[in-house]
Each structure stands twice: as structure tokens, then as C-alpha cells.
Amino acid sequence: MNKLQEYKPIILKICKYLFDFIIIFTGVFLAFWLSEHKDNREKEDKKREIYIAIYEDLNSFYESGKRENKKGFVNFFESLDRRSDSLINSREIPVRTTLYGDYWKIPIINSFVQNGFLRDIDVATFKKITRFNTVHQNLLENIKDYNIFYDKYVTADYDKGMEHFYKEGTNKLKPKYSYLENALAETAGFADLLVNLAHELSMEIKEKHIDKEK
């Protein structure tokens with residue numbers, strides 16, 4: 001009994017240190033846990049904001065181009081193609097034609113891809129977005145090529161007269177200018193494909209990454 005009494009202060013001191021250690025350990029653990037939880041929440045919020053921005057860019061692209069939109073760019077390109085074919089057949093090629101418009105661009109997605117902002121999003125979604133962006137770049141290159149060709153080979157040669165562009169005695173363009181016969185149809189096809197892809201991808205992102213986290 002005397003031995004127990006002798007060691008009691010030491011035991012109490014050890015218990016106090018142990019209790020203090022548990023309190024400190026628990027506090028540090030909770031601080032780390034809360035910090036990690038906050039960081040994870042911030043990352044998830046950031047990802048959701050990225051998904052929303054991508055969805056809005058895709059949806060804007062879709063709304064601007066869909067066939068139901070009479071002034072949409074798919075109808076615009078197809079109308080230009082029909083008009084171009086008609087003018088070519090009538091031997092009335094315009095002196096200048098330049099394709100330009102902001103409503104067939106995807107500035108947010110392009111910026112995200114270029115700056116690496118999509119590193120942390122879902123891998124499958126990332127692949128679909130980058131694939132869409134690649135096809136979209138092809139559309140923009142297609143439009144750029146058309147504008148360059150027209151300036152370089154049509155506008156530049158216009159002072160040579162309309163006969164210069166056609167095979168003799170026909171309404172068929174010479175091989176050098178035959179690019180004009182299909183260029184706008186190809187552009188319209190690219191645009192139609194992209195509009196459909198944009199709609200499918202935006203709906204998928206909304207369902208998988210936006211609505212489920214509300």
C-alpha cells in the first residue's frame with residue numbers, strides 16, 4: 001500500500017501527460033482532417049465550376065448552330081453552299097467572300113485545354129472534351145483555309161475576267177478553282193457534326209457532373 005502511495009504522484013503525472021497528449025493529438029488530427037476536408041471540398045467546387053463553364057460553352061455552341069435555329073451557323077453554312085453552287089453554275093462568282101463569326105467558337109473550352117485546367121476532371125470526360133476541341137479546331141482550320149483560298153485564288157484573279165475561272169465553253173470550274181465546289185459543303189458537314197456532339201456531351205456533363213452534385 002505504501003508503494004502505491006509512493007508512486008501515486010508519478011502515476012497521476014503520467015496520466016495527466018497522457019491525457020494532454022491525447023487532447024493535443026486529437027486537436028492536431030481534427031485540424032488536419034478539417035483542412036483536408038476543406039481542400040477536397042474546394043477542389044470539388046472548382047471542378048464543378050469547370051464542368052458548368054464547359055457545359056455553358058457547349059450549350060451556347062449548340063444553341064447557336066442547331067438546325068432549329070433558322071439563323072444558326074449550320075443553316076448559314078448550308079445556305080452559303082447552295083448560294084455558292086448557284087452562282088458558280090451561273091458563272092457569277094463573287095469578287096470576295098469571307099467567313100467570320102464568333103458564334104461558332106468555343107473560347108472557354110479552348111482556353112481550358114490550352115492552359116491545362118482540365119487535368120483534375122474525370123478522365124473519360126476529359127478525353128471527350130479534348131476530342132471535341134480537336135474536331136472543332138478542324139472546323140476553324142477549314143474556315144480559315146476557305147478564306148485564304150478565296151483571297152489568294154479568286155479575289156486575286158478576279159480582274160482576269162470570269163472566263164478565266166471556267167473550263168472553256170462550260171460552267172465547270174477549272175481544277176485550280178474546283179475547291180470552291182465542295183468547300184462550303186464540307187464546312188457545313190463539320191459544323192453539323194460538332195453541333196450534335198456538343199449537345200450529346202453537354203447533356204452528359206450536366207447529368208454526370210452537375211445535376212448529381214446539387
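**Helical architecture, nonpolar core and surface patch**

The secondary structure of the chain comprises five helices and zero strands, where helices (H or I, at least four residues) and strands (E, at least two) are DSSP runs numbered from the N terminus, and the order along the sequence is α-α-α-α-α. The model is predicted, so that local features need pLDDT of at least 70 and side-chain atom pairs count only at pLDDT 80 or more, whereas totals for chains, interfaces and linings use all residues. Residues are numbered from 1 along each chain as its sequence is written, and side-chain values use heavy atoms, with hydrogens and water left out.

Of the 214 residues of the chain, 31% count as buried, that is, under 20% relative accessible area (1.4 Å probe, protein chains only). The largest nonpolar core, a set of buried Ala, Val, Leu, Ile, Met, Phe, Trp, Tyr and Cys residues joined through side-chain atoms within 4.5 Å, has 45 residues, and those with the most contacts inside it are Ile 54, Phe 61 and Ile 205. Helix 1 (2-65), helix 2 (73-89), helix 3 (107-115), helix 4 (123-155) and helix 5 (179-210) each supply at least two residues of this core, with the largest share, 11 residues, coming from helix 5. Apart from its neighbours within four places in sequence, Ile 54 is in contact (heavy atoms within 4.5 Å) with Ile 109, Phe 112, Leu 118, Ile 129 and Ile 205.

Phe 21, by contrast, lies in helix 1 and is exposed, with a relative accessible area of 53%, the cut-off for exposed being over 50%.
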